[in-house]
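Visitor: Could you take me on a close look at one part of this structure? I work at the bench, so please keep it friendly and connected.

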Amino acid sequence: MPSPSSRSENHRPHSRRILASSLIAYALCASLFGIQRFSALRIESDTVSVESFWGGFFGWFAFSDSFFSLLCFAALTLLAYRLLRRIAGSSTRVRVLGAAFGAAFGTSLVVGTSLFQTNSVFSCAPLQFASILCAWPFLALLFATLFDVTARGLQFKSSSTPHSNESARSHGSLPQRALDRLRAAKHPALMLAATAFVLWLPAYLGLFPGVYAYDAIIQVGWMQEGHLTSYHPLLHSAFLYGCIDAGRTLLGSPEAGLAVYSLIQMATMALICGYLGWFCIDRFRLGWAGALVTLAFLVLYPATPLLAISATKDTLFAGFFALAAAGIADAVLNEDAFFSRKRNILRIAAPLLFMCLLRNNGVYAAAVLLPFFVWAFARRHAQAASLRATHPDGREAPKAGGPNRLLCCSALVATVACAAIVLGPIQTGMGVEPSPAREALSVPIQQLSRVLADNEGVSQQDKEAIAAYIPDWQDYNPRIADPAKATFDNQLFTQDPLAFITLWARMGLQYPIAYLDAWASMTFGYWYTDMTFPDPATGHPYLAARMTDPSELADPEGYLFIQQDSKLPLAGKLAEAFAHGAPFRAAPVFSLLFAPATFVWAMLACAGCCIAARRTRLALAVALPAGLLATLLLGPVVLLRYAYPLILCGPLFVLIPWKLASAARDRLQ
């Protein structure tokens, strides 16, 4: 009877012949359809706001009739041929996941390009949709390889001796010594936080006393008038107004109050990033290279210091969101150690509470997490209790178990319920005005507006019914819901919500394509990696680095305006150039780090790796980010600050598959 190894050897040549034939067919099709519509490296030099060598040099590569495309095809063909040797022995689960992710990612690139150009899903020519079939083999191989490495680890030809020699050589290096000293420190997270705070000081001084933009001026104006509303998080509005009012009262300057607010927020974010950095280094046992990359991302990512000194509710929300996500990841990856101490429950519950109070969609994101968390750990607790009852001597009962799991589940449910009660009945009892209904209806408002904007055959009765709710539907902007929803009739909706829902459902059945186009045009920046930021169609910069000007408000009377007084002009100009000019778009590959969709796909790939490795429970680590993504896909516009919580979780999305791959490699060795 032939051994399994001989059967595998006989199977590989056959698989390689199939791949070679497929690649030849692919190269022919790709030569016809072109690569420009699914290339993640596409750079359009005419949209780069900062003139640079890279923008002009790579701009002409965007065309399929470029000679460079032949080099791309040759390189991809060789790469795919090598990847087949890895995939030949993979499981069916890995291959199916790879095929599914490859098809989804290829579709997102082609459809996203169509939406970016025409705001329509189906505006591409048939050959452009056929290019999905061209992209799919390579993308499927890439995803399948990622999943296979996670499931089976990497097999090195050489023995462990070179690895040990390399470790010995690097042991005395400066980065390794620095990491050793950090590990030996009494409070390593505080050391990292202090380093982050010092490195962010130039941004603070350059944009002194902070960035008074976004919704901050509205929040402060309403608080001055005593207008309490949950339209903006009351906790953040009170904190921001309290600092500015204290500076105006005690120091005679609202600028001094904003400076104090910026310092407090920057220190808080430095502590959070320092903790996250140390958490990744310690829990994932990173070497000096991995530690350096992780810390560089958390501390030197340009958006972090800019948002740390911005008076926006999204900054602190993102920080506590990332803390909660890290606690959940620790619970699923190091279950025994995490649940051995009751106080570890606070590492999830406390940031989860602040997260919910700092943004309303935090409650919805936590609500997505809770069922999966309770199902996973309460079920594990029940299994452990059953085994202890079966084996009272405890010899065969698993180490994982104990009442702390059930206590943690109860604590999280109580935390989210408490936040919901505070944001609901308690605030209502305090006289806080609820948020207008239109804030939760961005997608329906856009869809109904799109129906009227794109279809002349709508009956007069339906036009009047829609216009009664959305008087300014003519101001429809496919990329942002604010113009159309600005005059949405909340009173009419509140009187009979069912009538609006019935109208929306009926029009959706008649015009499903318009509904799909309206939703996709408003949200594709979250799943299209080639999206250009800042999007000129929205009127929003990539990030804000300037104060709100009175000319930006329709009625500036009664609002408090603050002026910037830069203490480090050069740093301020650099920060403003990054925030408003977005020069990173001219850097191939590197620019992907500034696209929200990159982190969304990293999150999805992380979940896919857990499933491929048959560790489905570990996918619970991305349940909270997935819940946030669900709320973002119902939001009014794609902005980096909305996706910033996912960006802060980026190291977790990479390190969780890396840990799975390392564990699989250790089993092989």
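Where is the place of Pro-209 in the chain?

Guide: Happy to help, and please keep in mind that this is a predicted model. Pro-209 sits in the loop between α8 (188–206) and α9 (216–225). A cis peptide bond joins Phe-208 and Pro-209 there, with omega at about 5 degrees. For background, most residues other than glycine have a negative phi, and most peptide bonds are trans. A cis bond also joins Phe-533 and Pro-534, with omega at about -5 degrees. Pro-534 belongs to the loop between α24 and α25, and Phe-533 will return below as a member of a ring cluster.

Before going further, here is the setting. The chain has 29 helices and zero strands. Of its 669 residues, 50% count as buried. Among contacts between residues at least 6 apart in sequence, 80% join residues at least 24 apart. The accessible surface comes to about 30,800 Å², and carbon and sulfur atoms account for 65% of that area.

Now to the rings. Phe-533 is linked by ring pairs into a cluster with Phe-297, Tyr-301, Tyr-542, Phe-578, Phe-584, Phe-590, Phe-594 and Phe-599. The chain has 31 aromatic pairs. One of them is the tilted pair of Phe-488 and Phe-493, whose centres are 6.1 Å apart with 55 degrees between the planes. Phe-488 counts as buried because its relative accessibility is 3%, and Phe-493 is buried too, at 14%. Within the cluster, Phe-578 and Phe-594 form an edge-to-face pair, 5.7 Å centre to centre and with 65 degrees between the planes. Phe-578 lies in helix α25 (residues 569–581), while Phe-594 lies in the loop between α25 and α26 (596–612), so this pair links distant parts of the chain, 16 residues apart. Both rings belong to buried residues: Phe-578 has a relative accessible area of 13%, and Phe-594 comes in at 2%.

The loop between α25 and α26 also holds Ala-582. Ala-582 has a positive phi of about 50 degrees although it is not a glycine. With a relative accessible area of 0%, Ala-582 is buried. Arg-285 likewise has a positive phi of about 50 degrees without being a glycine, but Arg-285 is exposed, at 58%. You will find Arg-285 in the loop between α11 (254–283) and α12 (288–300).

Arg-285 brings us to charged side chains. Side chains of opposite charge can pair when their charged atoms come close. Arg-285 forms a salt bridge with Asp-282, with the closest N and O atoms 3.5 Å apart. Asp-282 and Arg-285 also belong to a network of salt bridges that includes Arg-283, Asp-330 and Arg-347. The chain has 21 salt bridges. Among them is the one between Glu-335 and Arg-617, at 3.5 Å from N to O. Glu-335 is in helix α15 (residues 335–338) and Arg-617 is in the loop between α26 and α27 (623–632), so this bridge ties together parts 282 residues apart in sequence. Glu-335 counts as buried at 9% relative accessibility, whereas Arg-617 counts as partly exposed at 29%.

Another salt bridge joins the side chains of Arg-450 and Asp-517, at 3.8 Å from N to O. Here helix α19 supplies Arg-450 and helix α24 supplies Asp-517, 67 residues apart. Arg-450 and Asp-517 are both buried.

Helix α19 is a good place to linger. The 13 residues of α19 (residues 442–454) should span 18 Å at 1.5 Å a residue, and its end C-alpha atoms are 18 Å apart, which agrees. Because 11 of these 13 residues are buried, α19 is largely enclosed by the rest of the structure. The buried ones include Pro-444, Gln-447, Arg-450 and Val-451. Their cover includes α20 (460–469), α21 (482–485), α23 (497–510) and α24 (512–523).

Finally, α24 also has a residue with some access to the outside: Leu-516 is found in this helix, and Leu-516 is partly exposed, with a relative accessible area of 33%. Together with Phe-122 and Ile-513, Leu-516 makes a nonpolar surface patch of about 270 Å².

Conventions: Residues numbered from 1 in each chain as written. Predicted model: local features only at pLDDT ≥ 70, side-chain atom pairs only at ≥ 80, totals over all residues. Heavy atoms only, no water. Phe/Tyr/Trp six-rings, centres within 6.5 Å; stacked < 30°, edge-to-face > 60°. Buried < 20%, exposed > 50% of the residue type's maximum accessible area, 1.4 Å probe, protein only. Helix = DSSP H or I, 4+ residues; strand = E, 2+ residues; numbered from the N terminus. Expected span 1.5 Å × (residues − 1). Contact = heavy atoms within 4.5 Å. Patch = residues over 30% accessible without salt bridge, like charges linked within 9 Å, V, L, I, M, F, W, Y side chains within 5 Å. Areas by Shrake-Rupley, 256 points an atom, 1.4 Å probe, with all protein chains shown as cover. Salt bridge = Lys/Arg side-chain N within 4 Å of Asp/Glu carboxyl O.
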